[in-house]
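Thank you all for coming; I would like to take a few minutes to walk through one structure, moving from its charged pairs to one of its pockets. Please have a look at it first, and then we can go through it together.

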Amino acid sequence: MTIVVATAVLRRQQLRWGATAAEITEPRPGDELVPDPDLTADRAITIHAGIDDVWPWIVQLGQGRGGFYSYDSLENLIGCDIHSALQINPDWQRLDVGDTVRLAPEVALTVAVVKPPRTLVLQGGVWPGAATAPYDFTWTFDLSPVSEATTRLVVRERYAFTRWWTRLIVEPVTVVSFVMSQRMLRGIRDRAEQHTHSNRVERRP
């Protein structure tokens with residue numbers, strides 16, 4: 001019984017890492033694309049940089065672009081060919097609905113919603129070797145200004161299972177997602193804060 005309870009607590013924590021109770025229940029853009037999810041994960045972080053300084057790191061996400069600011073070495077062990085950027089690249093600062101954002105050379109999600117400088121929603125299914133995945137999926141990056149110099153970033157994953165056995169596959173994947181996502185959030189935070197600090201230093205007389 002103790003193991004069962006501990007497992008349930010850990011699962012709850014990793015699906016809600018950094019997010020407040022209000023952030024977990026608050027509707028977000030893209031929710032309507034998976035209106036009845038079987039599994040939802042909300043992870044969040046506070047960034048001491050303005051929303052306009054955080055958005056450039058979000059919009060350049062993707063394999064072959066800015067990467068995912070996570071554990072590149074682990075992603076590359078399975079052939080993702082990820083190289084997380086340390087700088088904002090002007091060539092990666094535009095996404096439109098219908099564009100693709102690759103997770104790996106042969107795996108991509110579609111831009112479903114993009115509202116600079118606040119929201120990016122990616123949609124699709126990731127299932128190696130198959131034309132379609134056994135679930136519907138959205139990945140939302142939602143920025144909210146706390147103040148002129150502070151931003152809150154909430155990342156939401158929503159899964160709707162289309163096969164009875166999908167949960168057996170997705171549940172273990174959420175553990176990997178947690179490990180990579182919390183590192184990604186910290187990576188975005190560190191880059192945005194460092195970039196903001198550097199700009200302030202450069203502007204000093």
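Let me begin with arginine 156 and aspartate 31, whose side chains meet in a salt bridge with N to O at 2.8 Å, and I should say at once that this is a predicted model. Because arginine 156 sits in strand β6 while aspartate 31 belongs to the loop between α2 and β1, the pair ties together parts that are 125 residues apart in sequence. Both arginine 156 and aspartate 31 are buried.

Arginine 156 also forms a salt bridge with aspartate 42, where the closest N and O atoms are 2.5 Å apart. Here strand β6 carries the arginine and strand β1 carries aspartate 42, so this pair ties together parts that are 114 residues apart in sequence. As for exposure, arginine 156 counts as buried because its relative accessibility is 2%, and aspartate 42 is buried as well, with a relative accessible area of 3%.

The structure holds 11 salt bridges, and another of them joins aspartate 190 to arginine 189, with the closest N and O atoms 3.0 Å apart. Returning to our arginine, salt bridges that share partners join Asp31, Asp42, Arg156 and Arg158 into one network.

Now to the second largest pocket, which holds about 190 Å³ of space. Which residues lie closest to its centre? Of the 13 that line this pocket, they are Ile24, Thr40, Asp42, Arg156 and Arg158. The largest share of the lining, 3 residues, comes from β1, and the lining as a whole divides into 4 nonpolar, 2 polar and 7 charged residues.

Note on methods:
Residues numbered from 1 in each chain as written. Predicted model: local features only at pLDDT ≥ 70, side-chain atom pairs only at ≥ 80, totals over all residues. Heavy atoms only, no water. 1 Å grid on protein atoms, 1.4 Å probe; cavity = no way out; pocket = protein on both sides within 12 Å on 5 of 7 lines; lining within 4 Å. Points joined across faces, edges and corners; volume = space filled by probe spheres on them. Helix = DSSP H or I, 4+ residues; strand = E, 2+ residues; numbered from the N terminus. Nonpolar A, V, L, I, M, F, W, Y, C, P; charged D, E, K, R; others polar. Salt bridge = Lys/Arg side-chain N within 4 Å of Asp/Glu carboxyl O. Buried < 20%, exposed > 50% of the residue type's maximum accessible area, 1.4 Å probe, protein only.
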